[in-house]
Amino acid sequence: MKRFNRLFSHLLSPDVLLWLYPITLIIPNVALDITEYSHALVKITNILLPAGLYMLLTGLSRNVGRTVLCCLPLAIFAAFQIVLLFLYGESIIAVDMFLNVVTTNISEASELLGNLAMAIVIVLLIYLLPLIWGIVLMCKSSKADAADVKTIRRTGIVTAMLGIAMLSVTYCAVPRFNILRDIFPVNVIHNMITAIQRTEATNRYFETSAGFDYKARSCRDNRLKEIYVLVVGETSRADNWQLNGYQRPTNPRLSHTDNLIYFPKTLSESNTTHKSVPLMLSSVSAETFADSIYTTKGIISAFNQAGYRTAWLTNQARNHSFIDFFAREAQVVDYINDDGRHHFDHELIKPLHEFIENSPSDKMFVVMHTYGSHFNYNERYPADRRRFTPDGASSASVENRPQLVNAYDNTIVYTDSLLADIINVLDSADCVAGLIYMSDHGEDIFDDRRERFLHASPVPTYYQIHVPMLLWMSPELREAYPDLYNTAESHRNLNVSSSRTAFDTMLSMAGVTTRMSDASKALTERDYVEGRRLYLNDHNEAVPLKGAGLRDYDYTKLDKNRINY
């Protein structure tokens with residue numbers, strides 16, 4: 001028993017923690033070296049330089065407990081990084097990940113965290129236990145042996161110097177290497193600072209955009225009754241749409257809807273809601289996003305100037321993002337979930353009816369932002385709308401994929417029904433009317449051996465960017481302006497970017513012109529040009545899709561669907 005007590009006492013001594021703590025901090029670096037596609041010199045530098053600095057930090061004082069407490073921010077970054085690797089399998093903590101923390105609503109976050117329980121338990125064991133250990137040592141005034149402290153300092157100096165040497169070699173030998181992007185945790189700290197800067201710029205939006213003017217006007221007869229609806233879908237991927245060739249009947253109503261055009265080669269230029277939706281709802285492009293998003297107003301502002309009665313109807317929660325800012329431009333704003341209850345997307349039909357019936361103007365424009373196919377999938381539709389079963393599994397695991405896909409497909413059927421009902425509302429108005437639907441991004445559902453799940457990962461996948469997009473025109477609109485429909489129909493099989501085309505296509509269909517109008521981006525215009533495939537990356541750079549980090553699996557799927565990249 002005495003031997004056990006001596007062994008236990010030795011294991012919990014400050015000398016053990018002195019050497020153990022740097023090892024725990026370097027775990028994310030080792031993991032990233034395994035998961036990332038980077039040069040060997042980068043991988044070596046990513047181990048040597050941080051490891052040397054970590055040893056120097058823990059060797060600053062014999063009071064190891066106090067040092068561990070001071071290093072808490074580094075432990076938090078490390079823990080966050082490990083959880084991210086559990087979730088996505090690759091990539092550092094991106095700027096968008098920090099921004100998602102402050103823009104994701106509580107219910108959505110809780111659903112995600114509930115499925116990361118194992119990862120959270122592991123990081124707590126790795127980083128919380130040493131923290132408690134350090135606090136206990138600090139309270140007991142236990143200090144590490146002076147000789148051990150000197151040894152770890154010397155080891156740290158040698159390792160750090162080797163790391164600095166490797167850093168110099170890497171800068172010379174590896175093109176585009178950047179310590180602010182390639183070495184953990186420097187890159188994460190840099191991303192956090194960038195996220196703070198973007199948040200501050202976002203908070204000044206109303207000040208920086210105050211003078212913006214679309215100079216919009218309508219080219220249509222003022223006596224003509226017109227209603228246009230832009231439906232923003234959420235997390236809907238094209239591969240699960242029957243209209244896109246999916247074998248399951250997920251679009252039983254839209255498949256038999258007249259005057260509807262589906263665009264099968266549509267990609268989103270972002271896999272995050274807080275970027276893709278503002279791109280669709282404004283004249284901002286991927287190339288100009290970094291600067292223009294803070295000074296540009298949304299499409300509702302253009303319709304306001306053109307004399308339309310405007311509305312924003314949403315099943316999303318407020319999150320103080322550009323989406324909310326654009327919503328505030330509308331004359332009627334309805335967040336149906338402000339009452340704190342769970343709502344299904346079909347509940348947006350009632351306020352749409354009321355808006356049309358009570359509008360003092362015959363010119364109406366509505367944006368409807370749905371909750372769509374967000375995880376947990378089986379909570380996005382009523383139980384009596386279940387078509388594919390079993391669909392009860394909500395735990396994110398490869399084993400549950402069949403049930404997850406069943407539930408996901410049920411969300412697509414529910415979206416199909418919602419869109420068909422909106423079209424019926426517009427059709428029954430017996431006027432010139434049009435609708436555009438597109439999803440902000442898609443979703444991974446353990447589709448290949450990468451076992452990726454969800455969206456908004458720092459590196460996108462095919463499933464996250466291939467999205468459904470469709471256009472519908474009333475018989476009255478087709479009769480009055482036949483060239484619009486015929487032109488869009490002729491562009492059906494061209495390559496489309498939802499982020500690039502939504503704004504100009506909607507304005508073109510409604511006969512609204514602005515100083516920002518670009519016929520080459522409107523699917524209803526003969527001057528439409530397919531354009532380059534771009535992706536708005538984490539640093540708000542519009543990079544060619546080939547430079548977005550897609551893997552062979554993704555290119556194989558793009559090729560199969562004959563989508564250019």
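1. A helix's expected span is 1.5 Å times one less than its number of residues. Helix H11 (residues 186-203) fits that rule well. With 18 residues, H11 reaches 26 Å from its first C-alpha to its last, close to the 26 Å expected. Keep in mind that this is a predicted model.

2. Which residues of H11 are buried? They are Asn187, Val188, Asn191, Thr194, Ala195, Arg198, Ala201 and Thr202. Seen down the axis of H11, these buried residues fall within an arc of 135°, so they line one face of the helix.

3. Next, the sheet. Seven strands form an open sheet, and their pairing is mixed. The order is S3-S11-S8-S2-S7-S5-S6. Strand S3 (260-262) and strand S6 (332-335) are the edge strands, each pairing on one side only. On average, neighbouring strands are turned by 10° against each other, direction ignored.

4. Look at the S3 edge. S3 and strand S11 (residues 469-473) run antiparallel, joined by three bridges. One pair to find is leucine 260 with its bridge partner in S11, tryptophan 472. In general, strands of a sheet pair through backbone hydrogen bonds, either parallel or antiparallel.

5. Two helices to check against the sheet. Helix H18 (residues 401-428) lies across strand S2 (226-233), S3, strand S7 (363-369), strand S8 (432-439) and S11. H18 runs at about 165° to S8. Helix H21 (residues 482-490) lies across S3 and S11. H21 runs at about 25° to S3.

Notes:
Residues numbered from 1 in each chain as written. Predicted model: local features only at pLDDT ≥ 70, side-chain atom pairs only at ≥ 80, totals over all residues. Heavy atoms only, no water. Pairing = 2+ DSSP bridges. Helix = DSSP H or I, 4+ residues; strand = E, 2+ residues; numbered from the N terminus. Axes fitted to C-alpha atoms, helices over the stretch in contact; angles between N-to-C directions. Contact = heavy atoms within 4.5 Å. Buried < 20%, exposed > 50% of the residue type's maximum accessible area, 1.4 Å probe, protein only. Arc of directions from axis to C-beta.
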